[in-house]
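I opened my notebook and pulled up a new structure. Here is what I looked up, entry by entry.

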Amino acid sequence: MSEVVLTEVHGKVGLIRINRPDALNALNNEVVDGIGRAVDQFEADENIGCIVLTGSDKAFAAGADIGLMKSYGYMDTYKTDFITRNWERIRSARKPVIAAVSGFALGGGCEVAMMCDMIYASDTAKFGQPEIKLGIIPGAGGTQRLPRAVGKAKAMDMCLTARMIDAAEAERIGLVARVFPVDQLLDETLKSAATIASFSLPVVMMVKESVNRAYESSLNEGLLFERRTFHACFAIEDQKEGMAAFVEKRKPAFKNR
Ligand code: CAA
């Protein structure tokens, strides 16, 4: 595993840490490929039930690496399929991925956080899409995921003015799920991830798949998907165990089957 991306295992939680402090965790290929490999590793590990992606107290990630991009021509981006080629591994993860964001989450950093299933932020977090200041538009989903998360007004405001929003505003507008004091962010995120990882993994994956379907379908199609998936739960051993444990007033012992 490359040094700009570190991994740790905390019980059933896989932690991925972006570690490029000299550049405020700016996302170059080494970082993005490292995140992809770490996601591969935790997806393949049967012991892992939830993944956390974090940076440092100062920066989750201050965006795509500007030094790298400045000399790119259109053909460099088109022929290498810049972004699509390696940035979206988080999106295809079947296990839940939580972004634990402290400090700057700007441009591609904000976009990578939004690729995760939810964002927990420290009270020092700052989110923004400042690409317009560089003469480009957001390119890793900012113009698409932001309006879906916070609505058109706030998304337009952030993408057109490049202004940063703080954690309180990000929580108020629905970009982040929870805010914690900076020194508690990682512990609280790991705690929440451990809770998720304590549930039946196939059911966790079905919840994630069903919620994500809400973004890809009409209400009728989404409800049909939910209902079929709900019905399928009754073919899972963990459903028998979960309900038996409730009736017998004991903790369930899920087997991920
Ligand atoms: N790419 C490359 N290097 C970056 C960087 C980035 N996105 N962001 C910060 N750095 C580097 C700086 O160049 C600096 O390096 P040196 O010490 O070698 O000069 C180091 O990180 C520290 O940064 P600053 O000195 O600028 O720190 P600051 O506290 O004064 O400011 C900041 C912090 C406001 C985040 C500022 O660094 C900044 O504006 N960064 C750029 C943010 C940005 O525009 N992000 C969008 C990138 S485009 C993109 O992401 C496209 C996409 O959609 C995929």
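In which sense do strand 3 and strand 5 pair, and over how many bridges? I checked, keeping in mind that this is a predicted model. Strand 3 pairs with strand 5 (residues 97-101) in the parallel sense, and I got four bridges. One pair I noted down is L53 with its bridge partner A99 in strand 5.

**Entry: the other neighbour of strand 3**

I then looked at strand 2 (residues 13-18). It runs parallel to strand 3, and five bridges join the two. Here I16 has L53 as its bridge partner in strand 3. Next I followed the chain between these two strands: it leaves strand 2, goes through helix 1 (residues 29-44) and arrives at strand 3, and this β-α-β crossover is right-handed. A reminder to myself from class: strands of a sheet pair through backbone hydrogen bonds, either parallel or antiparallel.

**Entry: is strand 3 buried or exposed?**

I went through strand 3 (residues 50-54) and found five of its five residues buried, so the strand is largely enclosed by the rest of the structure. I also looked at each face. C50, V52 and T54 sit on one side, I51 and L53 on the other, and all of them are buried, so to speak a strand with both faces covered.

**Entry: the ligand**

Which residues come nearest to the ligand? There are 24 residues around it, and A62, A64, G108, E111 and E131 come nearest. I wrote down some polar contacts. For A64, a backbone N or O atom lies 2.9 Å from an oxygen atom of the ligand. For G108, a polar backbone atom is 2.7 Å from a ligand oxygen. With E131 a polar side-chain atom does the job of the contact, at 2.7 Å from an oxygen atom of the ligand. I looked up the areas too: the ligand taken alone exposes 990 Å², and the protein buries 61% of that. Helix 2 (66-69), strand 6 (104-106) and helix 4 (108-115) are the elements that give two or more residues to the shell. I sorted the shell residues by type and got 16 nonpolar, four polar and four charged.

**Entry: a sheet of four strands**

Last, I looked at an open sheet with the strand order 4-6-8-9 and mixed pairing. Strand 4 (59-61) and strand 9 (165-166) stand at the edges with a single partner strand each, so one side of each has no neighbour in the sheet. Strand 8 (residues 126-128) and strand 9 run antiparallel, joined by two bridges. In that pair, F127 stands opposite I165 of strand 9.

Definitions and conventions:
Residues are numbered from 1 along each chain as its sequence is written. This is a predicted model: local features need pLDDT of at least 70, side-chain atom pairs count only at pLDDT 80 or more; totals for chains, interfaces and linings use all residues. Side-chain values use heavy atoms; hydrogens and water are left out. Buried means under 20% relative accessible area, exposed over 50%, partly exposed in between (1.4 Å probe, protein chains only). Two strands pair if DSSP finds at least two bridges between them. A crossover is right-handed if, with the strands pointing away from the viewer, the path from the first strand over the helix to the second runs clockwise. A residue is near a molecule or strand if one of its heavy atoms lies within 4 Å of it. A polar contact is a pair of N or O atoms within 3.5 Å; within protein, one must be able to donate a hydrogen and the other to accept it, and residues adjacent in sequence count only if both atoms are side-chain atoms. Accessible areas come from the Shrake-Rupley method with a 1.4 Å probe; for residues, only the protein chains shown count as cover. Ala, Val, Leu, Ile, Met, Phe, Trp, Tyr, Cys and Pro count as nonpolar, Asp, Glu, Lys and Arg as charged, and the others, Gly among them, as polar.
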